Amino acid sequence: MTVLEKRILQRVRSVTNVDPFKNTRRREYVEARALLMYLYYNVCRLNLSQIARLFQEQGKGCHHATVLHSLRNFEMYKKFNPRFNEMVTDVLSQGSWGTHAEKIEYIKQRLFDIPKEVVEDVYDIISNEYRV
């Protein structure tokens, strides 16, 4: 496990107060696993098999299809569980995110919190500065 993967795991554990590798189907554990898999996929850029292997190394039965199922349900967890949405924000806002991928993921998660006027301003800046 890389330093970044360990740091993400520590953040998820501290925010959710559960061990995502515990072998249970209770909601808080399922959601903690979904959050961890989401971050491994989007921040660490691991593929489904790599994520499954990390879980297997920690004693949690997991296949690439399990990871795919979890990633597909991630937005549903956010939509129907306000506490889960808070946990996502808490994990992404804890400490500093150093890598480019970490910063992009943090920004993506916070986009819908930005007031419309600010979005318009940022859009104008980006569209004028980074014409393709």
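How many disulfides does the structure hold? In this predicted model, the count of disulfides is 0. A disulfide is a covalent bond between the sulfur atoms of two cysteines. Two cysteines may nevertheless be described by their surroundings: C44 has a relative accessible area of 17%, and C62 has a relative accessible area of 2%. Since buried means under 20% relative accessible area, C44 is therefore classed as buried, and C62 is likewise classed as buried.

The aromatic side chains were examined next. The count comes to 4 aromatic pairs, one of which is formed by Y38 and F74, whose rings are stacked, with 3.8 Å from centre to centre and an angle of 0° between the planes. This pair links distant parts of the chain, because Y38 belongs to helix α2, which covers residues 27-42, whereas F74 belongs to helix α4, which covers residues 64-80, and the two positions are 36 residues apart. Both partners are buried by the criterion of under 20%, as Y38 has a relative accessible area of 10% and F74 has a relative accessible area of 1%.

Another of the aromatic pairs is formed by Y77 and F84, and here the arrangement is edge-to-face, with the ring centres 5.8 Å apart and the planes at 70° to each other. Y77 is buried, with a relative accessible area of 14%, and F84 also counts as buried, with a relative accessibility of 0%. The residues of the two pairs are not separate groups, for Y38, F74, Y77 and F84 form one aromatic cluster. Within this cluster, the ring planes of Y38 and F74 are stacked, while those of Y77 and F84 meet edge-to-face.

The packing of two helices was also described. Helix α1, made up of residues 3-16, and helix α2 have axes that come within 10 Å and cross at roughly 150°. Angles over 145 degrees count as roughly antiparallel, and α1 is therefore roughly antiparallel to α2. The crossing of these two helices, α1 and α2, is right-handed. On the side of α1, the contact is made by E5, I8, L9, V12 and T16, and on the side of α2 by A32, L35, L36, L39 and Y40. Helix α2 thus appears in two parts of this description, as it contributes residues to the contact with α1 and also carries Y38, the partner of F74 in the aromatic pair.

How values were computed
Residues numbered from 1 in each chain as written. Predicted model: local features only at pLDDT ≥ 70, side-chain atom pairs only at ≥ 80, totals over all residues. Heavy atoms only, no water. Disulfide = S-S within 2.5 Å. Buried < 20%, exposed > 50% of the residue type's maximum accessible area, 1.4 Å probe, protein only. Phe/Tyr/Trp six-rings, centres within 6.5 Å; stacked < 30°, edge-to-face > 60°. Helix = DSSP H or I, 4+ residues; strand = E, 2+ residues; numbered from the N terminus. Axes fitted to C-alpha atoms, helices over the stretch in contact; angles between N-to-C directions. Parallel < 35°, antiparallel > 145°, perpendicular 65-115°, else oblique. Left-handed = near helix turned anticlockwise from the far one by under 90°. Contact = heavy atoms within 4.5 Å.
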